[in-house]
Every structure is written in structure tokens, then in C-alpha cells.
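Please have the sequence and the coordinates open side by side. We will take a walk through them together, one region at a time.

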Amino acid sequence: MIENTEAMEMRAREDVGLAQDLIPPVSPLAAALHGRFLAFHCTACFRPLESPLLCAACRGATRYCSAACFTADSSAHSASGECRLLFLRHNRDDGDTDLRVALRFLHLFESTGPVHLASLPERPRRVAGLLASDLEKVIEEEGEMAERIAEGAALMSLARDRDRSRVGGGEAVTPEEVLWAVLTNAVEVQVSEVGPLGVAVYGPGFSWFNHSCLPNACYRFELAQSSSEQGCAKPKSLLASPAAVGVAADTLKAWICAGSGLAHGFSKFGPRVIVRSIKPIKKDEKICITYIDLLQPKIKRQSDLWEKYRFVCRCWRCSLSSQIYMDLVLNGIELWQLR
Ligand SMILES: [Zn+2]
Ligand SMILES: [Zn+2]
Ligand SMILES: [Zn+2]
């Protein structure tokens with residue numbers, strides 16, 4: 001989810017009206033509940049628990065709503081190292097949610113081998129189609145982010161109980177790269193007013209939507225019925241397609257199919273994301289969502305985007321030399337609050 005010249009973008013395949021779903025629901029490549037919800041929600045489907053089944057190995061830190069969720073998820077939970085991480089870390093703050101997503105994502109590589117995306121150029125660096133470039137730069141800077149990645153990768157290796165060797169065949173990855181891809185591509189899963197339940201990372205079918213501070217689309221999550229089975233997305237329901245040099249228009253279709261096939265064995269029941277238009281969109285127009293809280297003045301938006309996603313937004317709203325009315329008001333509110 002980084003916007004730069006190398007980024008993919010999504011465009012409308014045809015004229016789209018208001019409030020239309022642009023892609024079919026996309027299953028996560030990996031997802032994890034925030035620590036404070038582990039005791040109350042199912043680790044596999046994120047639904048609230050009634051009479052939970054507990055994972056004994058992490059002393060009940062991980063709970064499932066049903067035998068189906070338990071069976072579908074328990075091997076990924078233990079083989080990824082998530083179970084051991086939860087066993088080792090007693091205080092379950094939300095700080096290690098990203099680590100648990102990264103462990104699950106890494107496990108996906110180990111289990112499926114390289115995740116290939118036909119017709120994608122080799123540069124910039126991608127992990128399962130998600131932009132993961134500039135890691136070397138971040139590590140060289142030796143800032144807070146570099147520290148977080150080094151610490152996180154060390155914890156991941158401890159939880160996985162093996163060295164930090166590269167994983168996978170053709171598309172070999174390191175724990176650091178996977179964690180970096182998660183930190184810059186993952187989204188908070190918000191389904192109700194209780195706040196984000198956890199964090200999930202989705203394939204290109206979702207991650208290639210760029211950010212704008214004046215978006216024409218939004219996204220929402222839906223929790224799978226534990227009995228539902230997902231097939232491959234029907235091509236006719238795709239109103240968006242990727243647009244980038246060297247990428248065939250059918251790539252997304254292939255990816256959504258591959259993505260849901262992949263997710264099928266792993267996050268089959270995980271929270272699915274749907275992108276919907278919030279304005280009429282013309283054929284070939286770029287489709288953008290927002291990654292941040294838009295009710296903030298430009299300076300706050302830009303710092304949020306840099307901190308979390310490391311890019312400078314050049315959307316229409318950010319590049320105006322004089323502020324639009326909304327930003328004047330937001331700046332006024334900020335000044336008033338500082339008094
Ligand atoms: Zn469940
Ligand atoms: Zn466990
Ligand atoms: Zn902007």
C-alpha cells in the first residue's frame with residue numbers, strides 16, 4: 001500500500017455508479033486478532049465466542065468458536081509459531097499483532113512455496129505481490145522502524161524456533177521482509193463500533209488500491225459464516241482492474257483467484273474485505289481509498305502516511321496551493337484545540 005511511481009494502481013473497467021462493490025470479497029493472506037480480543041473472539045473467523053474451544057498449547061490464549069474453525073486454523077496457528085509466541089509472551093498487548101500476522105504470512109510461504117504473479121516485473125521488490133521495497137533504506141536509517149523490524153524478526157525466529165534462513169523456493173523471503181510487507185500493507189479490521197478487532201493483510205486484489213485524501217471508494221469488512229465456502233471470484237463482478245506498465249489487465253482476475261485459492265487453506269474463515277464506490281466513477285478513472293483518518297489537516301495526514309506507509313501523498317487535496325474549505329476548517333479546529 002505504498003504510493004509512488006512504482007506502485008500499481010486500480011482503474012475502473014467501466015462506468016461505475018455510487019455504492020457499488022468493485023471487487024468480490026477478498027480473503028486475507030493472513031490475519032490476527034489484537035491481544036485484547038483474543039479471549040472474546042474466534043481466532044479464525046473473528047466472531048464473538050459463546051462456548052469456545054481452547055488451544056491448550058498456549059494455555060487457552062487462542063480460542064475458536066467451532067470445531068470447523070479449530071480444524072481449519074489450528075495447524076497454521078501452531079506451525080507458524082503464533083502458538084509459541086503467545087505462550088512466550090504473557091502480557092498480551094496489541095503490540096505483537098503485526099508479528100503474529102507476519103508469522104502466519106511467513107508460514108503461508110513455507111507451505112505453498114513461491115507465490116508467483118505472472119507478468120509482474122521483478123523490481124521493485126514484492127512479497128506475494130505486495131510492495132516491500134526500500135527495506136534496506138529503512139534499516140540503514142537506523143530509526144525506530146529499523147529497530148522495530150530487527151526486534152520483531154528476532155522474536156519471530158524465537159517463536160518459529162529456527163534460524164533466520166530464507167523461506168520459499170523461487171520467491172525466497174526473510175522474516176524481516178515479510179514483517180516489512182505486513183507493516184506497510186496490513187489494515188486494521190474494523191467491523192463494529194468496538195474498534196479494530198485485529199490486523200489483516202490482503203493480496204493485490206485489495207492492496208493495489210492507492211490512497212487519496214479525496215477518495216472515490218471505501219472498504220469494509222465482512223465476517224464469514226463459518227459454514228460458507230468460497231470459490232473463485234466471478235470475473236463479471238470485477239469492476240476494477242490494475243493499471244501499470246507491464247501488467248496485463250487479467251492479472252487481477254488471476255490474482256483474486258490465486259489469492260482466494262491460497263487463502264482458502266489458511267484464512268478460509270478470516271475477515272474478508274470489499275471495496276465499494278462512494279462516488280460515481282468513470283471508465284478508466286483511477287480508484288482510490290483512504291488509508292488514514294481524513295478529518296485531519298494536511299500536515300497531520302502527511303505525517304500519518306509517512307509514519308505508517310512511508311510515502312508522500314500527492315493527491316489533488318494535498319497538492320492544492322490554497323487550502324480547500326474542509327482543510328481550512330480542520331486547521332482552525334487544530335489551532336483552537338492548541339490554545
Ligand atoms: Zn470461528
Ligand atoms: Zn495455541
Ligand atoms: Zn493527499
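What follows is a tour of the metal sites, a sheet, a helix, some charged pairs and a surface patch.

Before we set off, keep in mind that this is a predicted model.

Let us begin with the zinc ion (ligand 1). Its donors are the SG atoms of C42, C45, C65 and C69, at 2.3 Å. The angles among these four donor atoms run from 106 to 114°, and the site is tetrahedral. Read along the chain, the donors follow the spacing C-x2-C-x19-C-x3-C. Within this set, C42 and C65 link distant parts of the chain: C42 sits in the loop between β2 (28-33) and β3 (53-54), C65 belongs to the loop between β4 (63-64) and α1 (67-79), and 23 residues separate them. How buried or exposed are these two cysteines? C42 is buried, at a relative accessible area of 0%, whereas C65 is partly exposed, at 26%.

Next comes the zinc ion (ligand 2), where a histidine joins the cysteines: the coordinating atoms are SG of C55, C58 and C83 together with NE2 of H77, at 2.1 to 2.3 Å. This site is tetrahedral too, with angles of 102 to 116° among the four donor atoms. The spacing of its donors along the chain is C-x2-C-x18-H-x5-C. C58 is found in the loop between β3 and β4 while C83 is part of helix α2, so this pair ties together parts that lie 25 residues apart in sequence. Both C58 and C83 are buried.

Staying with helix α2, which spans residues 82-88, we meet L88. Together with F87 and L158, L88 makes a nonpolar surface patch of about 260 Å². Why can L88 count towards such a patch? Patch residues need over 30% relative accessible area, and L88 is partly exposed with 39%, so L88 passes that cut-off.

The zinc ion (ligand 3) has C213, C313, C315 and C318 as its protein donors, each through SG, at 2.2 to 2.3 Å. Here the four donor atoms make angles of 102 to 116°, again a tetrahedral site. The spacing is C-x99-C-x1-C-x2-C along the chain. C315 counts as buried at 8% relative accessibility, and C318 does as well at 5%.

Now turn to an open sheet of four strands, ordered β9-β13-β1-β11 with mixed pairing. Which strands stand at the edges? They are β9 (210-211) and β11 (240-242); each has a single partner strand, so one side of each is left without a neighbour in the sheet. Strand β1 (residues 10-12) runs antiparallel to β11, and three bridges join the two. You can find this pairing by looking for M10, which stands opposite P242 in β11.

For a look at a covered element, go to helix α6. This helix takes in residues 175-185, and 11 of its 11 residues are buried. Among them are charged and polar residues such as E176, E177 and N185, as well as W180.

The last stop is the charged side chains. Side chains of opposite charge can pair when their charged atoms come close. In this model the count of salt bridges comes to 18. One of them joins R220 and D21, at 3.2 Å from N to O. This pair links distant parts of the chain, with R220 in strand β10 (residues 217-222) and D21 in the loop between β1 and β2, 199 residues apart. R220 is partly exposed at 35% relative accessible area, and D21 is partly exposed at 30%.

Strand β10 also provides E222, which forms a salt bridge with R272, the closest N and O atoms being 3.2 Å apart. R272 lies in strand β12 (residues 272-277), so the bridge ties together parts that are 50 residues apart in sequence. At 11% relative accessibility R272 counts as buried, while E222, at 27%, counts as partly exposed.

A further salt bridge, between R317 and D327, has its closest N and O atoms 2.8 Å apart. R317 lies in helix α10 (residues 316-319) and D327 in helix α11 (residues 325-338), so parts that are 10 residues apart in sequence are tied together. Both R317 and D327 are buried. Finally, look for the network of salt bridges that links D73, E82, R89, D96, R100 and R104.

Technical notes:
Residues numbered from 1 in each chain as written. Chains lettered and ligands numbered in written order. Predicted model: local features only at pLDDT ≥ 70, side-chain atom pairs only at ≥ 80, totals over all residues. Heavy atoms only, no water. Donors = N, O, S within 2.8 Å, 3.2 Å for Na, K, Ca; no water. Tetrahedral: all angles 85-135°; square planar, octahedral: opposite > 155°, others 65-115°. Buried < 20%, exposed > 50% of the residue type's maximum accessible area, 1.4 Å probe, protein only. Patch = residues over 30% accessible without salt bridge, like charges linked within 9 Å, V, L, I, M, F, W, Y side chains within 5 Å. Areas by Shrake-Rupley, 256 points an atom, 1.4 Å probe, with all protein chains shown as cover. Salt bridge = Lys/Arg side-chain N within 4 Å of Asp/Glu carboxyl O. Pairing = 2+ DSSP bridges.
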